[in-house]
Amino acid sequence: LLCAVWDGAPAQGPGGTAEVVAEARRRGLPVVHLSTRSGAPAALLAPDGPPGGQPCGRHELRAALARRKAR
């Protein structure tokens, strides 16, 4: 599991947050995106999910971790 505190902007160079998030998704890791933008909800960026993710609460996070553990 990767928790990324990030503005959601595209990569601007190697080793930045966007690159680390993309690599984690390629490896099949669930990513929780905690936006630095005011009022934005946390989002679960599932490896096989939509690029912007889906709203993330504890139930969605538990389900994603269970799927990962089952692999």
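This report describes the nonpolar core, the buried side of helix 1 and the salt bridges of a predicted model.

**Core and helix 1**

The largest nonpolar core is made up of 7 residues, namely Ala4, Trp6, Ala18, Val21, Ala24, Val31 and Leu45. Two elements, strand 1 (2-6) and helix 1 (17-26), each give two or more residues to this core, and helix 1 gives the most, with 3 residues.

Within helix 1, the buried residues are Ala18, Val21, Ala24 and Arg25. These four cover an arc of only 125 degrees around the axis, and they therefore lie on the same side of helix 1. What the buried residues of helix 1 pack against is strand 1, together with strand 2 (31-35) and strand 3 (43-45).

Alanine 18, which belongs to the core, can be followed further through its contacts: when its neighbours within four places in sequence are left aside, alanine 18 is in contact with Trp6, Ala9, Pro10 and Ala11. Of these partners, Trp6 is also listed among the residues of the core. Just after helix 1, glycine 28 takes a positive phi of about 85 degrees.

**Salt bridges**

Side chains of opposite charge can pair when their charged atoms come close. The structure holds 2 salt bridges, and they are set out below with the N to O distance of each pair.

| Salt bridge | N to O distance |
|---|---|
| Arginine 26 and glutamate 23 | 2.9 Å |
| Arginine 27 and glutamate 23 | 2.7 Å |

For the pair of arginine 26 and glutamate 23, the separation is about one helical turn, because the two residues are 3 residues apart in helix 1. An α-helix has 3.6 residues a turn, so residues three or four places apart point the same way.

How exposed is each partner, by relative accessible area? Arginine 26 counts as exposed because its relative accessibility is 60%, and arginine 27, with a relative accessible area of 59%, is likewise exposed. Glutamate 23 has a relative accessible area of 29% and is therefore partly exposed. Through salt bridges that share partners, Glu23, Arg26 and Arg27 are joined into one network.

Taken together, helix 1 carries buried residues that pack against strand 1, strand 2 and strand 3, while glutamate 23 and arginine 26 of helix 1 form a salt bridge, and glutamate 23 meets arginine 27 in another.

Note on methods. Residues are numbered from 1 along each chain as its sequence is written. This is a predicted model: local features need pLDDT of at least 70, side-chain atom pairs count only at pLDDT 80 or more; totals for chains, interfaces and linings use all residues. Side-chain values use heavy atoms; hydrogens and water are left out. A nonpolar core is a set of buried Ala, Val, Leu, Ile, Met, Phe, Trp, Tyr and Cys residues joined through side-chain atoms within 4.5 Å. Buried means under 20% relative accessible area, exposed over 50%, partly exposed in between (1.4 Å probe, protein chains only). Contact means heavy atoms within 4.5 Å. The arc is that of the directions from the helix axis to the C-beta atoms. A salt bridge is a side-chain nitrogen of Lys or Arg within 4 Å of a carboxyl oxygen of Asp or Glu.
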